[in-house]
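Reader: I should like to go through the interface in this entry step by step. Please begin with the terms that the reasoning requires.

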Amino acid sequence: MTIFTDIKAILLGLWTTWKHMLRRPVTIQYPEEKRQPSPRYRARIVLTRDPDGGERCVACYLCSAACPVDCISMQSGERENGRRFAVWFRINFSRCIFCGLCAEACPTLAIQMTPDYEICKRDIMDLLYEKEDLLIDGCGKDESYNFYQHAGIGVAQRRGEGAEEKAPVDVRGLVP
Amino acid sequence: MTPDLILIAVTAAKIAIVLFAILTLAAYLVFAERRVLGWIQDRKGPNRVGPFGLLQPLADLIKLLTKEDFRPPAGDKWLFYLAPAMAAIPAIMTFAIIPFGAPVTLFGTEIAMQVIDLNVGLLLFMALSSIAVYGVALGGWASNSKYALLGSIRGLAQLISYELSMGLSLVPIIMLARSLKLSEIVNAQSGCWFIVYQPLAFLIFLISILAECKRIPFDLPEAEGELVAGFHTEYSGMRFGLFFVGEYINIIVLGGLATTFFLGGWHGPVLPPVVWFTMKTLSFAFFFIWLRGTAPRLRYDQLMQLGWKVLTPLALVNILVTAWWLVLKG
Amino acid sequence: MPKLIIDDITVEVAEGVTVLEAAQSVDIPIPHFCWHPALGKAGACRVCAVKLLDGPIKGIQMSCMLPAQDGMVVSTVDPEAVAMRQQVIEWLMINHPHDCPVCDEGGQCQLQDYTIACGHGLRRYDGKKRTHLNQDLGPNIEHEMNRCIQCYRCARFYQEFAGGTDFGVMGSASRVYFGRFEDGELQSPFSGNLVDICPTGVFTDKTARFRARYWDFDMAPSICPECSLGCNTTPVARYRELLKISARHNDAVNGWFICDRGRFADKKVNSFDRPRVPLVNGSSSGWGDAVDAVAKKAAEFAPGSIAVVASSRLANEGAALLPDLARALSGAKLCFFSNEVICRASITAASQITPHMAASLDDVASADCIVIYECDLRQEAPMMLLAVRQAWRKGAPVFLVGKGAPLEQAAAVSVEAVDLDIIVEAPIGIFDRPVIIFSTMRSSAAEIKNLMAAEAKFAPLFDGPNGMGMAKLAAANSTISLESAVKSGLIKGIITIECVIADELRGEIPIIAALDWQMNSSVKNAGVFLPTTAWVEMNGTFVNNEGRAQQFKKVMAPGIPVSATLESGHPPRIHSLDVPGGEPKPAWEVITEIMKRL
Ligand code: SF4
Ligand code: SF4
Ligand code: SF4
Ligand code: SF4
């Protein structure tokens, strides 16, 4: 009879919730207790430098294109030495959803997520991070990558001296 | 001092004490509900304001009082203002007839632990619970919002349906106690609680009062998953607070009535009667909260089926059986 | 007419059409680098491989080299063809640098698109990459030879299509190099098209280097305002700044290309000294006050003593309102041209020409005889020169008539032209489709009348993008040139609408008001200045030299470029709906405002 199964179901439910009532809560009492997030945790974003200390970001606009909430904006420019760089670079953390798509899109490993999740400000304008707030002195998670050494267009080194390059061709040579 | 003046003074004092007690209890019931639900869900619940979060109700009160008091411009102004009061006041008034302790003798006068011992007390309760329906109906109507209206239509149908089974389940009690006076119903149970004679009536009454105070699994008028907040969708600030607190007062009052009708009222050994009464009442409240953490919401057709096809016929049969039994017993 | 089946779709095409074009005609895309609609085929890139399943030819073939034939059954999705294309892309990528992030082509790069479309993702070859040295090709074009995929489009365009001689291909085998013999500015007046035509990032626009990505561009179809031909362009803006201009395809007008003047002209729109707020007596004011001031000042003049002067920079929408404005100013004189001779010549040309007499650039390119009468196309209409070259390539003789038509213009596109002294020497009569090109700035009304008696099509050139439109309006309304208006001695005040007036011509006559978007002497001397929008900041219409009305759309909102408003290095942090420097309004709107107060 369904009436008995119904009653049984209700009683079973009551028994289950009763048991949980007596359990130890799983709540972590933030901010007194804090959790140690894993290094891969996706929180506050930084811009890193290459091993030689140069800015990794080449202002390629890929992160801003990948960002689903359009919270990255920048202006690219060229330095005298030919490096492409971000004249200004702004992340609006009041909009960021920490999805990590920007870090995934970045071809130079410049933009990286850190485990620092405590980004709370009284004034929302303080959540607008400019390049100087984002740029750190270090390589972040990758110690060795230097985009310009692999780019193949002779910016960080002379043409033909990059990691996977032959010396420039002599176009006037006649040898086949 | 004339006896009349003394009577007035004593009654006023009783009203004051009862009001204070219910309002405080209701406020802490909200707090208790949040804590208990927290435990059920392996959380801690509110524990930040004051020791163990005990000042949380105060914080809630301040919050509600300082919120914007919004009224939908297209709604009916006066009905909109009236509705929350209509929801809360009948619930409080019902408590006037509940005996919450054994009569005590003070300075030679016997004082009933009851604001007023009406000889039609039970009927008054039924009447007041019918009036409470207006709070829901007017609130939803005056808001001029589709969610609110849908909520109040559901509420009306639900409250009217379950009032019937609630009333019918109380008839055997009247027959047993041979009185409508609540103090006499309690006294009739000094030997054996009515729950022993009338387990079925108790069950019907319990389910009906769950539906009367619109609690899960009968919270269709508010159904936040479907209707935003049902009949009080458009209310904010303390007006919403009145609806909210009215619901908890209702829980206490109906718990108190269930105690009075079935669990022997304030009767009990060793401990003082008031304590017994309070414990019994609060156990109902706890059960309501526990059930809220457990049961899912009924569907509208299930609700109607349960009311009209199960509870009402059962209550009628119960009356007949009780009458037959009483006749046989002589 | 050959009838063939491509991917189960039956296609019927004209004789000589390639399989690639046949597929395109039914919207089946086939990747290609070297084939270009304007340049035709080269068979250099091998990426348009398809498989012929049945018919006169079978097996893998290059669809761009293969004329469609009856009974062909073509598959673009056959696994063998797909594999072939994928491997070709993989070869092309063997030497391609790893620098998309710092390449301005990235995002609008055919190589990127086809690499992804053909499914090449992981590099398997781990040998080293070939590198080249770049050349300095002048201030407009950046050279990055490592990115080349040897499609030969640049060399074919530069030498064959545009007749340039200072750029070409050198070296052999995997060392082929596209550049000049030595560093230096490219000489062809059409060199900028290398930017558009190179399917990768070898040639990029230096003037907009590292500024923005394709997906962030503010773009809209527009018209080039640099001469009266009305070439179709796509200006590119970002952060309220005009970055660059690229060609827009229109077969009837400019085809696929534009000239370097149109592409690399000074970006006055962004200019720092561009006046952007209404000025009354030199101090900035609100729109309402400024327009009131114009009305008040104008009221001080006697009827008929004001001249309303416009130039052919003004779009038709504004120009069409001017007769009404003149009437509202109680009979002001309307001057659409400053110079009397040019005024008469323009009106004569515009009123004589009929639609079937007018030669479009396409008509010029398919003419069988070209007469260039007393004008230098390099200055007056560069794209006309490119069209002349196309006609010449097909065998049309080119005659340069008069002293005003120097031989150097033909040399600029490597055309062998015949130099004549007078028009009657040109044997126009023996040709079917002759075109006579003349300029209203060099020839008098009488000369033009004389010329237009010939049996030919005509390509008149005017002094601005809306020259024909202004001339037509001038003919339809009673207008005179400013020169004769001033000479009559009646003019006591001038209102200029997007127009500069030579100080000698104006003399002592005050400028009551000037409407413009550029800084010039009229703006400086005006009592009231009202800022108007430039062509990229509004919708409007220009009527080009052949009488073709062409719309241009708003590319960007007027405003001071963000790069000029940086505060301590970054854009300001204010929320506001008002754009700084966003006051300019389209000329027609300003004119309407003035008329409302008169
Ligand atoms: S984490 Fe996501 S939302 Fe945040 S900046 Fe990156 S892409 Fe945008
Ligand atoms: S994707 Fe990386 S390199 Fe490109 S702009 Fe963003 S941070 Fe800079
Ligand atoms: S030419 Fe295209 S594929 Fe090559 S680097 Fe530039 S964007 Fe990338
Ligand atoms: S430079 Fe560009 S257009 Fe010229 S061959 Fe190389 S890829 Fe083709």
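Author: A salt bridge is here a side-chain nitrogen of Lys or Arg within 4 Å of a carboxyl oxygen of Asp or Glu. The model under discussion is predicted.

Reader: How many salt bridges are there between chain A and chain C?

Author: The pairs sought join Lys or Arg to Asp or Glu, with a cut-off of 4 Å. One of them links A:Arg159 to C:Glu144, whose closest N and O atoms are 2.6 Å apart. Between chain A and chain C, the count is four salt bridges.

Reader: Which three residues supply 18% of the area that chain A buries against chain C?

Author: Chain A and chain C bury about 3,500 Å² between them, and 54% of this lies on carbon and sulfur atoms. On the side of chain A, three residues supply more than any other three, namely A:Arg84, A:Trp88 and A:Arg159.

Reader: Which element gives the most residues to the side of chain A that touches chain C?

Author: In polar contact across this interface are 23 residue pairs, both residues at pLDDT 80 or more. Elements of chain A that give two or more residues to the side touching chain C include helix H2 (62-66), strand E2 (72-78) and strand E3 (84-92). With six residues, the element that gives the most is E2(A).

Reader: What is the bridge partner of A:Pro168 in E6(C)?

Author: Strand E6 (165-168) of chain A is among the elements on the side that touches chain C. E6(A) pairs with strand E6 (residues 129-131) of chain C in the parallel sense, over two bridges. In E6(C), the partner of A:Pro168 is C:Thr131.

Definitions and conventions
Residues are numbered from 1 along each chain as its sequence is written. Chains are lettered from A and ligands numbered from 1 in the order in which they are written. This is a predicted model: local features need pLDDT of at least 70, side-chain atom pairs count only at pLDDT 80 or more; totals for chains, interfaces and linings use all residues. Side-chain values use heavy atoms; hydrogens and water are left out. Buried area is the accessible area (1.4 Å probe) that two parts lose on being put together, summed over both. A polar contact is a pair of N or O atoms within 3.5 Å; within protein, one must be able to donate a hydrogen and the other to accept it, and residues adjacent in sequence count only if both atoms are side-chain atoms. Helices (H or I, at least four residues) and strands (E, at least two) are DSSP runs, numbered from the N terminus. Two strands pair if DSSP finds at least two bridges between them.
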